[in-house]
Amino acid sequence: MDGMSVRPCHRRLMKKTPFNILINIPKMQFQSELLDVIVSSYNEDDIALIIGLPAFGETPKLDSSATESKIKSRFFSNNSMITRGVLKDKMSSLVDSDNPIDIKDFVRLWIAFIFACFLFPIGQYNCPTPLLTILDDLNSTWNYAWSVAIRNQIMEGVRKQRVCIADRNEGQYPKSSMGYVFGCTAVLCVNIS
């Protein structure tokens, strides 16, 4: 998080979540490519090994109708986009607070930031809002199969692109229209042998 000093009170709480391994993640840039053969050969355990997040528990639903969450009701209007820039601004507003609620909300926003930038990015680096309800209870984040959700999102994108490319090749889809494979495409850069 460029230019933001995370305080020890935040780091202590961050380390109590399954996302603690991503605290010092370096800045990365990837190009999403259609790697159907590689992705289809990955299973949840492979992705868990690559990312370091659990492959067991309840699978987070990225497309469910989200109920209201603490973070959404405190920081976002119903129609607002939850982008990485907005998340970073909200974290900046809390970073100096010693209020225990603000410290927890900072960590919730940090995890949402990780979702938007790295684990579950969707169009324009937005955070999928259904995931915000999971962050209400930071301890419950251990109860989810994050690597399964990561694989599911990538595979759904690959399936959609397969149809898009087939339609375009048959002249049914404008050549200028091309979609993207959303999700944690960094796992595509690792060769599992």
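In this tour, a residue is called buried when its relative accessible area is under 20%, exposed when over 50%, and partly exposed in between (1.4 Å probe, protein chains only). The model is predicted, so local features need pLDDT of at least 70 and side-chain atom pairs count only at pLDDT 80 or more, while totals for chains, interfaces and linings use all residues. Residues are numbered from 1 along each chain as its sequence is written, and side-chain values use heavy atoms, with hydrogens and water left out.

**First stop: residues 106-125.** Select this span, which an unreviewed UniProt entry records as a "transmembrane region"; such annotations may be inferred rather than shown by experiment, and the positions follow the numbering used here, with feature names shortened. The span is 70% helix and 0% strand, and its end C-alpha atoms lie 19 Å apart. Helices (H or I, at least four residues) and strands (E, at least two) are DSSP runs, numbered from the N terminus.

**Second stop: Asn 126 and Cys 127.** Asn 126 is located in the loop between helix 6 (100-119) and helix 7 (146-169). Its relative accessible area is 5%, so Asn 126 counts as buried. Contact means heavy atoms within 4.5 Å; apart from neighbours within four places in sequence, Asn 126 has contacts with Met 81, Ile 82, Thr 83, Ala 116, Phe 120 and Pro 121. Cys 127 is likewise buried, at 3%. A disulfide is a pair of cysteine sulfur atoms within 2.5 Å, and by this rule the count is zero. Cys 127 is in no disulfide; its nearest cysteine sulfur, that of Cys 117, is 9.5 Å away.

**Third stop: Cys 184.** Move to the segment after helix 7, where Cys 184 is found. With a relative accessible area of 0%, Cys 184 is buried. Which residues does Cys 184 touch, not counting those up to four places away in sequence? They are Ile 51, Phe 118, Leu 119, Pro 121, Ile 150, Gln 153 and Ile 154. Measure from Cys 184 to Pro 121: their C-alpha atoms are separated by 7.1 Å, although the residues are 63 apart along the chain.

**Fourth stop: helix 3.** From Ile 51, select helix 3 (residues 44-51), in which Asp 46, Ile 47, Ala 48 and Ile 51 are buried. Gly 52, just after helix 3, takes a positive phi of about 90°.

**Last stop: Phe 182.** Return to the segment after helix 7 for Phe 182, which is partly exposed at a relative accessible area of 35%.
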